[in-house]
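Work through the exercises below with the structure open beside you. Each task is followed by a solution in steps.

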Amino acid sequence: SDVILVYCYPKTIITKIPECPYGWEVNQLALGGICYNGIHDSGYYQFTIPDLSPKNKSYCGTQSEFKNPVYHFYNSIVSNDSSVIVKSQPVNYSFTCTYNANYLVNQAAFDQRYVLFWECASPCFQHHISLIQKLYVPRVATVHVKNGSSGSFESQLSLNFYSNAKFSSIKEAPFIVETSEIGSDIFAGVEAKGLSDRFKVVLNNCWATPSSEYFYQIHWPLITKGCATDNSILVHENGKTSRATFQFNAFRFRNIPKLSKVWLHCETHVCDSEKFSCPVTCDKRKQRMEQTGGVLVAEIAVRSKQLTRKHSHLVCVSLADIIFHLLFVIGFCAVLL
């Protein structure tokens, strides 16, 4: 029988073909026509691609391509005999492993044993996400056909919380946020473990809900198109390594007394850095100009209303100086025009 077993793991591909196909011995068969690394395994010849990286010759000519939103890795096991005559029918067992590039990972930030108070700073709005898969248990696909199989990276992805901005110590979740801690920093990130170094983690969209439902009608967006939705959210790394991290301020949802758990969801893209530029760049200056309408804004902070006469005089002098400089700039621009 010409049945092929293809195991598409997150980092490794293992292919098994029947023992002695058309009379060929294992040392006469080569992975990619290059590597004679087959071994005997219970009635099969087994060939292994240890890492999904075609740059390294040890991976035996494995090729890849990206057809959005799927990665395809393919190779073949072929007969390759250097003898003068060939007595067996040539064989060519081609196989493919496909991996989805987009996944949805989520994590409950707080246990229902505790009362959670988070509040949206402004009205929450809906956010539409595409290409979603739930992250639950690891899966390995095995097929009994010649040409291919499906694999998944999702078992290697996890959404974690951290103790501080160094992101070196994972904080066990669910955890507690007291009412007095509203406004404190929450550190989070999505990490991929056990994947080839070529793959980087990119956060396309992240949002919080008071329910485990991804499309719950009340939710608060944190990251949109890879960038923070407001100035209170800081994206530390996105698309640079196998981990993408960010931080935001604790808040509470209003008028939801029956729900005591907040969930964080992130639409995650596994980016192939050998084919694409993965780091996300956000134009903060452009965002600032859009928020202010391109108008120069001068911010003056007064710490206390009860100023002494001396302090009041200093404030007046500062205001006068500011007005003088503004008039000077306006006059100078008028002359240039």
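**Exercise 1. Describe how strand 6 is paired with strand 7.**

Solution. The model is predicted.

Step 1. Strand 6 covers residues 63-67 and is joined to strand 7 by 5 bridges. The two strands run antiparallel.

Step 2. For one position, take Q63: Y74 in strand 7 stands opposite Q63.

Step 3. Between strand 6 and strand 7 there is a hairpin, which joins them through 2 residues.

**Exercise 2. Find how strand 3 and strand 8 pair with strand 7.**

Solution.

Step 1. Strand 3 (residues 29-31) is joined to strand 7 by 3 bridges, and the two run antiparallel. The bridge partner of L29 in strand 7 is S79.

Step 2. Strand 8 pairs with strand 7 over 9 bridges, in the antiparallel sense. Here S76 stands opposite S94 in strand 8.

Step 3. As background, strands of a sheet pair through backbone hydrogen bonds, either parallel or antiparallel.

**Exercise 3. Decide whether strand 7 is largely enclosed by the rest of the structure, and give the reason.**

Solution.

Step 1. Strand 7 spans residues 70-79 and has 10 residues. A residue counts as buried under 20% relative accessible area.

Step 2. Of the 10 residues of strand 7, 8 are buried, so the strand is largely enclosed by the rest of the structure.

**Exercise 4. Give the strand order of the open sheet that contains strand 9, and name its edge strands.**

Solution.

Step 1. The open sheet has 5 strands, in the order 9-20-15-16-17, with antiparallel pairing.

Step 2. Strand 9 (102-108) and strand 17 (227-228) are the edge strands, since each pairs on one side only.

Step 3. Strand 9 is joined to strand 20 (residues 263-272) by 7 bridges. In this pairing N102 stands opposite H269.

**Exercise 5. Examine the disulfide of C8 and C97: which parts of the chain does the pair tie together?**

Solution.

Step 1. The structure holds 5 disulfides. In one of them, the sulfur atoms of C8 and C97 are 1.9 Å apart.

Step 2. The angle about the S-S bond of C8 and C97 is -80°, and the link is left-handed.

Step 3. C8 belongs to strand 1 (residues 5-8) and C97 to strand 8 (residues 92-100), so the pair ties together parts that are 89 residues apart in sequence.

Step 4. Both C8 and C97 are buried.

**Exercise 6. Treat the disulfide of C206 and C266 in the same steps.**

Solution.

Step 1. C206 is joined to C266 by a disulfide, with 2.1 Å from S to S.

Step 2. The link of C206 and C266 is right-handed, with 115° about the S-S bond.

Step 3. C206 lies in strand 15 (residues 199-209) and C266 in strand 20, 60 residues apart, and the pair links distant parts of the chain.

Step 4. C206 counts as buried because its relative accessibility is 0%. C266 counts as buried because its relative accessibility is 0%.

**Exercise 7. State the handedness of the link of C271 and C278, then classify C20 as buried, partly exposed or exposed.**

Solution.

Step 1. A disulfide joins C271 to C278, with 2.1 Å from S to S. At -80° about the S-S bond, the link of C271 and C278 is left-handed.

Step 2. C271 and C278 are both buried.

Step 3. C20 has a relative accessible area of 36%. Partly exposed lies between under 20% and over 50%, so C20 is partly exposed.

Key: Residues are numbered from 1 along each chain as its sequence is written. This is a predicted model: local features need pLDDT of at least 70, side-chain atom pairs count only at pLDDT 80 or more; totals for chains, interfaces and linings use all residues. Side-chain values use heavy atoms; hydrogens and water are left out. Two strands pair if DSSP finds at least two bridges between them. Helices (H or I, at least four residues) and strands (E, at least two) are DSSP runs, numbered from the N terminus. A disulfide is a pair of cysteine sulfur atoms within 2.5 Å. Buried means under 20% relative accessible area, exposed over 50%, partly exposed in between (1.4 Å probe, protein chains only).
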